[in-house]
Amino acid sequence: MGKTPNTVLIVLAFFSIYVIWGSTYLLNKIAVTELAPFMLAAIRFITAGLLIFIICKISGINISITKKQLKNTIIAGFLFLSFGNGIVVWALKFVDSGFAALEISAQPLIVLFLLRVLEGKKIKTMSLIGVGFGIIGMYLLVSQKQIISDGDSIIGMGMIFLCLVSWAYGSIFVSKADLPTNYFVNTGYQMFSGGIMLMLASFAFGESWSLPTTWSGEVQISMILLILFGSIVAFTSFNYLLKVVSPEKVATSTYVNPIIAMSLGWYFLNEQITLQSSIAAIVLLTGVYFINTKKKLILLSRFKGRMRPKKVELK
């Protein structure tokens with residue numbers, strides 16, 4: 001992947017973070033039924049990082065980076081993987097995969113909020129409308145009785161919210177930080193460092209480790225898919241997109257992921273999809289359009305043009 005944005009690469013990268021990442025909720029849910037959450041995530045990311053370094057070595061890709069880049073990849077690895085993903089995997093022990101994905105769909109809202117607070121960036125009209133849909137969709141999700149009546153579910157969803165903040169800040173940090181120019185190498189360092197921190201957390205919490213040969217066939221397959229596609233392919237695409245499009249647009253993946261996650265959870269795990277959850281999903285997907293579109297509402301733009309004829313609205 002080069003530095004110049006490529007339309008085909010961008011489309012494929014968005015497909016990866018939309019569809020492939022949407023399936024990781026199901027895969028993590030399957031694996032966490034047998035494996036300790038931090039151990040699961042540690043093995044996934046350390047293995048993915050090592051595989052990336054091996055592929056780079058075979059392909060002749062230089063993996064040397066500066067001390068500053070190493071520091072930044074460690075920070076990103078913590079924000080995205082050690083905390084941002086590790087806690088989500090832990091929370092999946094208490095909440096359905098579809099519900100977890102739906103809650104994470106609030107990330108674009110937090111990204112826009114942080115951009116406003118940290119950088120004073122003005123929220124565009126279309127993005128603001130999209131966020132509005134996101135808030136409505138989130139309300140429809142969390143107000144369901146099966147969630148608010150279950151103490152474990154509340155704790156799990158509360159921890160997932162903290163992961164949202166970590167991912168949102170990480171998206172902004174990575175978009176501006178000095179990182180390895182090769183997106184594959186960048187992913188490798190983030191995966192490996194994030195996995196090491198998760199391994200230390202696993203030891204600190206006294207989790208029991210087991211060999212892959214003792215896992216069930218379903219868990220083994222889930223881990224292979226998580227490592228190859230959920231980690232290497234999708235996360236490389238994620239890092240690429242953070243450099244070529246805005247963080248809030250990358251964050252729209254968290255609007256599409258719930259639809260994939262809910263469908264797979266319903267089909268493979270018999271997770272319940274309520275009418276309210278379905279409505280919430282539709283509302284959230286509508287928010288994707290408004291945040292991602294470059295078009296303005298014609299009537300609104302004309303109205304603004306009459307009120308402020310000398311002021312040009314930035315796109």
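1. A word on classes before we start: Ala, Val, Leu, Ile, Met, Phe, Trp, Tyr, Cys and Pro count as nonpolar, Asp, Glu, Lys and Arg as charged, and the others, Gly among them, as polar. With that in hand, please keep in mind throughout that you are looking at a predicted model.

2. Let us begin with the empty space inside. Searching the whole structure turns up four cavities of 30 Å³ or more. The largest of them holds about 320 Å³ of space. It is lined by 24 residues, and those closest to its centre are W21, Y25, N85, I104 and W167. You may like to pick out these five side chains as you turn the model.

3. Which elements build that lining? Two or more residues come from each of helix 1 (7–32), helix 2, helix 9 (151–176), helix 11 (217–244) and helix 13 (253–269). Helix 1 is the biggest contributor, giving four residues to the lining of the largest cavity. Sorted by class, the lining of this cavity comprises 14 nonpolar, nine polar and one charged residues.

4. The second largest cavity has a volume of about 60 Å³. Its lining is made up of L112, L115, K121, K122, I123, K124, S127, E248 and K249. Helix 6 (107–119) and helix 12 (247–250) are the elements that supply two or more residues here. By class, the lining of the second largest cavity splits into three nonpolar, one polar and five charged residues. It is worth setting this beside the largest cavity, whose lining has 14 nonpolar, nine polar and one charged.

5. Next, have a look at helix 5 (residues 97–104). Is this helix buried or exposed? Eight of its eight residues are buried, so helix 5 is largely enclosed by the rest of the structure. The buried residues are S97, G98, F99, A100, A101, L102, E103 and I104. Among them, I104 has already appeared in this note, as one of the residues closest to the centre of the largest cavity.

6. Now for helix packing. Helix 2 (residues 37–59) and helix 10 (residues 183–204) have axes that come within 7 Å and cross at roughly 150°. Angles over 145 degrees count as roughly antiparallel, which makes helix 2 roughly antiparallel to helix 10. The crossing of helix 2 past helix 10 is left-handed. In the contact between helix 2 and helix 10 there are 21 nonpolar residues, five polar and no charged.

7. A good place to zoom in is A42, which sits in helix 2. This residue is buried, with a relative accessible area of 0%. Although A42 and G195 are 153 residues apart along the chain, their C-alpha atoms are separated by 4.3 Å.

8. Helix 10 has another partner to check, helix 3 (residues 67–83). The axes of helix 3 and helix 10 also come within 7 Å, crossing at roughly 60°. That makes helix 3 oblique to helix 10. Here the crossing is right-handed, whereas helix 2 passes helix 10 in a left-handed one.

9. Finally, a backbone detail to look at. What is the phi of N270? N270 has a positive phi of about 60°, although it is not a glycine. You will find N270 in the loop between helix 13 and helix 14 (275–292). N270 is exposed, with a relative accessible area of 67%.

Key
Residues numbered from 1 in each chain as written. Predicted model: local features only at pLDDT ≥ 70, side-chain atom pairs only at ≥ 80, totals over all residues. Heavy atoms only, no water. Axes fitted to C-alpha atoms, helices over the stretch in contact; angles between N-to-C directions. Parallel < 35°, antiparallel > 145°, perpendicular 65-115°, else oblique. Left-handed = near helix turned anticlockwise from the far one by under 90°. Buried < 20%, exposed > 50% of the residue type's maximum accessible area, 1.4 Å probe, protein only. 1 Å grid on protein atoms, 1.4 Å probe; cavity = no way out; pocket = protein on both sides within 12 Å on 5 of 7 lines; lining within 4 Å. Points joined across faces, edges and corners; volume = space filled by probe spheres on them.
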